[in-house]
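Colleague: This structure is new to me. Could you take me through it, one question at a time?

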Amino acid sequence: MSSYHTPVMLHECIEALNIRPDGTYVDVTFGGGGHSREIMKHLGENGRLLAFDQDADAQQNAIADDRFALVDQNFRFLKNFCRLHGAMPVDGILADLGVSSYQFDQAERGFSIRFDAELDMRMNQASALSAKEVVNTYAEADLHRIFGIYGEIQNAKSLAKTIVTARLNTPLNTVADLKNAIVGLIPRGKENKYLAQVFQALRIEVNKELEALKDFLMQSAEVLAPGGRLVVMSYHSLEDRLVKNFIAKGKFSGEVEKDLYGNDQKPFDAVSRGAITASEEEIKNNNRARSAKLRIAVKK
C-alpha cells in the first residue's frame, strides 16, 4: 500500500461519514485502502464495509476481515452490487475521485507526463478504449470537444487539428510521440500545466469519468438510507461542479424541481456550506491535497 497516496483529509472524511458501529458503509474508490482501513476502525462486529475499485492492482490491498468485501467494478454499478451483496440501504458512501499516486507512478500505465510509455490511461485494464485509440482514431471535431470541455484548453481547436495532421505521417503511440507532435502549441513557461490538461482530457474520455460520476451520484440517492451521508472529494472543477449541483438540486443542470406544494424535490441536503478544503499544514505535507474539495450531504 506504501506506493498509494496518503489519503487526503482523512480525519475530515471519517468525521463527515458520522459512522455508526453497526452501520453499513461503502468506499467507492478503494485504491490503497487508506480510507477503508480508517472506516473499519470505527465499525463494531455488526458493521459492514463494501469497497469498489475497477483497477485490478487494488485487489492486492484487500482487507482480510469478514466485515469487508471488495468489488472489482466501476462505482457506476453501485446499486447493482450493493443489492448483490445484500447491503441495501447503506448508512454512508465515500468517494475520493481522480487518479491515485500509485497509478501515476506506474510508468507503463501512461497516466503521467513524467515518463515515456504507451498512451494507455485505462483505470480498468480490461477496458477496450485506450488513450492511444482516442488520439489515433477520433475525428478532429471529437478531439476538439474533448480538449475544450474536459481539458479546458484554450487552443483546443488547433490542438485537435495538429494531432490529426501529425498522425497522418505516423501513429502517435507513446507519451513522447504525442508531446513531440504538439510541442509547437505549448505556451512557454506553462509546459507542465498545458500537458496536464491534455492528459486530463484524454483520461476523462478513456475512462468515461464524468458519465460514471453522474451514474454514481444518481444511484447514491437510491442506495442511501434516510439520514445517510454522501461524502465526495474531487480534484478538478468539472467533477466538483457535478457534485455541487447534484447536492444542491438533485440534478446536474437547470433549476431544482418543486412538488405541487412548492417544496424542493431533491434527495439531499448539504451538511457544509460550500466545499471543505485541506489545512495549510496538510497541503505542505501532501501536495495532492492542494486542489481537493470535500462536499458532504445527508439523504432526506
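**Salt bridges and the model**

Colleague: Which residue forms a salt bridge with Lys41?

Modeller: The closest N and O atoms of the salt bridge that Lys41 forms are 3.1 Å apart; the rule asks for a side-chain nitrogen of Lys or Arg within 4 Å of a carboxyl oxygen of Asp or Glu. The two residues are three apart in helix 2 (residues 34-41), which means that about one helical turn separates them. Helices (H or I, at least four residues) and strands (E, at least two) are DSSP runs numbered from the N terminus. The partner of Lys41 is Glu38.

Colleague: At what pLDDT do side-chain atom pairs count?

Modeller: Residues are numbered from 1 along each chain as its sequence is written, and side-chain values use heavy atoms, without hydrogens and water. The model is predicted: totals for chains, interfaces and linings use all residues, local features need pLDDT of at least 70, and side-chain atom pairs count only at pLDDT 80 or more.

**The sheet**

Colleague: Why is one side of strand 3 and of strand 6 left without a neighbour in the sheet?

Modeller: The sheet is open, with seven strands in the order 3-2-1-4-5-7-6 and mixed pairing; strands pair if DSSP finds at least two bridges between them. Strand 3 (68-71) and strand 6 (268-270) stand at the edges, so each has a single partner strand.

Colleague: Which residue stands opposite Asp27?

Modeller: Strands of a sheet pair through backbone hydrogen bonds, either parallel or antiparallel. Strand 1 (residues 24-27) and strand 4 (residues 90-96) pair in the parallel sense, over three bridges. In strand 4, the residue opposite Asp27 is Leu94.

Colleague: What angle does the direction of helix 1 make with that of strand 5?

Modeller: Helix 1 (residues 10-17) packs on the sheet and touches strand 1, strand 4, strand 5 (224-234) and strand 7 (293-299), where contact means heavy atoms within 4.5 Å. Axes are lines fitted to C-alpha atoms, for helices over the stretch in contact, and angles between N-to-C directions run from 0 to 180 degrees. Helix 10 (residues 209-223) lies across strand 4, strand 5, strand 6 and strand 7, at about 155° to strand 5. For helix 1 and strand 5 the angle is about 165°.

**The two domains**

Colleague: How many salt bridges does the rule find across the interface of domain 1 and domain 2?

Modeller: Domain 1 is 10-101 + 209-299 and domain 2 is 106-207, with bounds from an automatic or database domain assignment. Twelve residues of domain 1 are in contact with twelve of domain 2. Across this interface the number of salt bridges is three.

Colleague: What separation do the centres of domain 1 and domain 2 have?

Modeller: About 1,200 Å² is buried between the domains, 45% of it on carbon and sulfur atoms; this is the accessible area (1.4 Å probe) that two parts lose on being put together, summed over both. Taken over C-alpha atoms, the centres are separated by 29 Å.

**Backbone details**

Colleague: Which peptide bond is cis, with omega near -10°?

Modeller: Pro89 lies in the loop between helix 3 (78-84) and strand 4. The cis bond is the one from Met88 to Pro89.
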